[in-house]
Amino acid sequence: MTNLEKYYSKFKEENRLRTRHGTVEFVTSMKYIHEAIGNRRDVKILDIGAATGAYSIPLSREGFDVTAVELVSHNLEILRSKHENVKTWKGDARNLSFLDENTFDITIMFGPLYHLHNNEERAKAMLEAHRVTKKDGFIFAAYIMNEYAVLQYCFGEGKINECLEKKSLSDDFHTITTDDDLYSYVRLEDINSLNEKCGFERVKMFAQDGPSDYMRKTLNAMTDELFSHFIEYHLATCERNELLGASSHVVDVLKNW
């Protein structure tokens, strides 16, 4: 079992989007997915790194044809145990050879790119997404942002000296990950470089959860009315350039070529 599988076999993935800050991510992501769907009903959706079906299942219940790919057996077993109308495969985002090319109208990757540590590996996943997505279809690629990781882990948890000693930070505080690390963290210029390498055209980019991951206790203490206003604020500002890099997660919405 890989480190990734060991981690997600213990991580309570089922509960991740049920929290207040998780709700921000889910509501925001679904808004943009629905924008890409538009008024169409005959849409085929691929969810790569589907985990236990947080997005696959709601989209399937809306009547869309959904295929889910998940690497971690534990997560896949939970998804399959729900007996939803979602086609499931065990697989790696870098090799989707079991799926036909030019098949899906929308491809979602809300996880795989977190765990790939260089542009060569990320490009493999992105080019596989390109292969299976229809021309002029949409690809949603999510990333964990560098500044969030540095602020929360290095400073919020007081790990800065440990990271400097391990040389896991560059001189300009860009995280340096190895194959032994679970996650990798990027800046906007890293995402742009990957798009250039793969030849993708950006439609838009949005902060999936914005400042909510920094505000967990504050969000939990909000009344329902106040939290509703926070959601409104986030949806109104989540595309603003000055906020993207500080979000914990960012999603690049790409038009397939």
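In which helix is the place of Ser228? I looked this up first and found Ser228 in helix α10, which covers residues 224–237. I note at the outset that the model is predicted.

**Entry: Ser228**

I then checked how far Ser228 is covered. Its relative accessible area is 35%, and I recorded Ser228 as partly exposed because that value falls between the cut-offs of 20% and 50%. I also took the separation between Ser228 and Arg80. Their C-alpha atoms are 33 Å apart, with the two positions 148 residues apart along the chain.

**Entry: overall build**

I counted the secondary structure and obtained 11 helices and 7 strands. The radius of gyration is 18 Å, close to the 18 Å that the globule rule gives for 257 residues, so I describe the protein as being as compact as a globular protein of that length. Along the principal axes, the C-alpha atoms fill a box of roughly 50 × 45 × 35 Å.

I next looked at burial and found that 49% of the 257 residues are buried. The protein exposes about 12,700 Å², and carbon and sulfur atoms supply 51% of that area. Among contacts with a separation of 6 or more, 72% join residues 24 or more positions apart.

For the charges, I counted 32 positive and 41 negative side chains. The centres of the two sets lie 3 Å apart.

**Entry: the nonpolar cores**

How many residues does the largest nonpolar core have? I found 64 residues in it. Those with the most contacts inside this core are Ile33, Ile45, Leu59, Ile106, Met126, Phe140 and Tyr143. Strand β5, residues 133–144, gives the largest share of the core, with 7 residues. I recall here that in soluble globular proteins nonpolar side chains tend to be buried together.

I followed Tyr143 further, leaving aside its neighbours within four places in sequence. Tyr143 is in contact with Leu113, Tyr114, Met126, Val186, Ile191, Leu194, Ser248, His249, Val250 and Asp252. Met126 thus appears both as a contact of Tyr143 and in the list of residues with the most contacts inside the core.

Apart from the largest core lies another, of 6 residues, and I noted Val24, Met222, Phe227 and Ile231 among them.

**Entry: Val24**

I turned to Val24 as a member of that other core. Val24 is found in helix α2, residues 20–37. Its relative accessible area is 0%, and I recorded Val24 as buried because the value is under 20%.

Which residues does Val24 touch, not counting those up to four places away in sequence? I listed Gln208, Asp209, Ser212, Phe227, Phe230, Ile231 and His234. Of these contacts, Phe227 and Ile231 are also named in the core of 6 residues. Val24 and Arg94 are 70 residues apart in sequence and 29 Å apart in space, C-alpha to C-alpha.

**Entry: the loop between β1 and α3**

I examined two alanines in this loop. Ala51 has its place between β1 (44–48) and α3 (56–61), and Ala54 is found in the loop between β1 and α3 as well. Are they buried or partly exposed? Ala51 is buried, with a relative accessible area of 9%, whereas Ala54 counts as partly exposed at 30%.

I noted that phi of Ala51 is near 55°, a positive value in a residue other than glycine. For Ala54, leaving aside neighbours within four places in sequence, I found contacts with Leu17 and Phe26. Ala54 and Asn256 are 202 residues apart in sequence, with 24 Å between their C-alpha atoms.

**Entry: the loop between β3 and β4**

Ala93 lies in the loop between β3 (87–90) and β4 (104–109), and Asn102 lies in the loop between β3 and β4 too. Ala93 counts as buried, at 7% relative accessibility, while Asn102 is partly exposed, with a relative accessible area of 47%.

With neighbours within four places in sequence left aside, I found Ala93 in contact with Ile48, Pro112, Lys124, Ala125 and Glu128. I also took its separation from Leu127: Ala93 and Leu127 are 34 residues apart in sequence and 9.6 Å apart in space, C-alpha to C-alpha. For Asn102 I recorded a phi near 55°, a positive value in a residue other than glycine.

Technical notes: Residues numbered from 1 in each chain as written. Predicted model: local features only at pLDDT ≥ 70, side-chain atom pairs only at ≥ 80, totals over all residues. Heavy atoms only, no water. Core = buried A, V, L, I, M, F, W, Y, C linked by side-chain atoms within 4.5 Å. Buried < 20%, exposed > 50% of the residue type's maximum accessible area, 1.4 Å probe, protein only. Helix = DSSP H or I, 4+ residues; strand = E, 2+ residues; numbered from the N terminus. Contact = heavy atoms within 4.5 Å. Rg over C-alpha atoms; globule rule 2.2 N^0.38 Å. Areas by Shrake-Rupley, 256 points an atom, 1.4 Å probe, with all protein chains shown as cover. Lys, Arg positive; Asp, Glu negative; His and termini not counted. Charge placed at Lys NZ, Arg CZ, Asp CG, Glu CD.
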